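Biologist: I should be grateful for a close look at the pockets of this protein, set in the context of the chain as a whole.

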Amino acid sequence: MPSMPRPRPKILIVLHQESSSPGRVGHMLIEEGFDLDLRCPPLGDTLPETLDGHAGTVVFGGPMSANDEDDFVRRETDWLKVPLRENRPLLGICLGAQMLVNHLGGKVEGHGEGLVEIGWYPLKATEDGKKLMHWPDMVYQFHREGFSLPRDATLLATAETYPNQAFRYGDNAWGIQFHGELTRAMMQRWVVRGAHRFELPGAQPGRDHLGGRLIWDMHLKRWLGEFLQTIFGRLARS
């Protein structure tokens with residue numbers, strides 16, 4: 001009898017709005033050989049008590065704060081003990097990274113002078129980051145809060161306004177403040193729905209978001225593919 005095909009490993013995808021999408025991250029993980037298990041805690045989806053059935057997880061961003069008192073924010077932040085305890089690959093993006101920082105005992109707060117990062121901003125890899133891979137010079141941001149570096153974490157990339165931009169904790173936990181997952185359609189939607197935030201100090205006008213994409217997005221996309229392979233790639237091929 002012909003052998004049954006081996007089931008594809010699953011990545012748990014945690015989203016925070018009904019309209020949210022894993023975007024390019026989802027596309028790249030599928031190309032790497034994974035299936036996606038999408039959950040949205042704000043809409044009532046539960047998160048598993050163990051990741052035995054998953055190869056890892058990605059926790060995405062959202063318009064809420066990691067400091068909000070909503071039940072789902074507290075539950076999800078506490079749930080991060082599951083991938084950490086089981087040493088499963090975990091990537092937090094923006095809000096997801098901030099939740100991870102709160103879970104690890106760090107702080108999430110706004111800039112002392114009220115500055116935000118909404119648009120394209122320079123990024124600088126640390127020496128530890130350079131040893132890992134080549135990083136893009138410019139990245140896309142959409143946040144009003146940043147985070148402290150958790151104790152025992154390794155800083156991988158920094159920036160002027162919010163100095164903690166990417167970190168690694170332990171063997172398999174990663175957090176990034178910026179967004180590499182946006183497709184063009186996603187960015188257009190963010191620019192329309194988030195236009196009211198372009199008046200905040202430090203934010204860039206909407207035309208610069210799409211204009212910057214033409215210049216810098218190819219480098220960000222290339223980095224994202226390499227970054228995801230660093231975190232998850234070997235699992236799909238093992």
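Biologist: Among contacts in the protein chain between residues at least 6 apart in sequence, what percentage join residues at least 24 apart? Please then describe the pockets.

Modeller: The model is predicted. Of the contacts between residues at least 6 apart in sequence, 72% join residues at least 24 apart. The protein chain contains 7 helices and 12 strands, and 52% of its 238 residues are buried. Its radius of gyration is 17 Å, which agrees with the value near 18 Å for a compact globule of 238 residues. The accessible surface comes to about 11,600 Å², with 51% of that area belonging to carbon and sulfur atoms.

The largest pocket holds about 620 Å³ of space. Its lining consists of 28 residues, and those nearest the centre are Gln17, Gly62, Pro63, Trp190 and Arg197. Two or more lining residues are given by each of α4 (95–103), β8 (138–143) and α6 (184–193); the largest share, 4 residues, comes from α6. By character, the lining of the largest pocket divides into 13 polar, 9 nonpolar and 6 charged residues.

The second largest pocket holds about 160 Å³. Helix α7 (residues 206–237) provides the largest share of its lining, 5 residues. The lining of this second largest pocket is formed by His134, Trp135, Pro136, Asp137 and Met138, together with Trp216, His219, Arg222, Trp223 and Glu226. These residues divide into 5 nonpolar, 2 polar and 3 charged.

Notes
Residues are numbered from 1 along each chain as its sequence is written. This is a predicted model: local features need pLDDT of at least 70, side-chain atom pairs count only at pLDDT 80 or more; totals for chains, interfaces and linings use all residues. Side-chain values use heavy atoms; hydrogens and water are left out. On a 1 Å grid over the protein atoms alone, a cavity is a set of points where a 1.4 Å probe fits but cannot get out, and a pocket is an open set with protein on both sides within 12 Å along at least five of seven lines; lining residues have an atom within 4 Å of a point. Grid points are joined across faces, edges and corners, and a volume is the space filled by probe spheres set on the points. Ala, Val, Leu, Ile, Met, Phe, Trp, Tyr, Cys and Pro count as nonpolar, Asp, Glu, Lys and Arg as charged, and the others, Gly among them, as polar. The radius of gyration is taken over C-alpha atoms; the globule rule is 2.2 Å times the number of residues to the power 0.38. Buried means under 20% relative accessible area, exposed over 50%, partly exposed in between (1.4 Å probe, protein chains only). Contact means heavy atoms within 4.5 Å. Accessible areas come from the Shrake-Rupley method with a 1.4 Å probe; for residues, only the protein chains shown count as cover.
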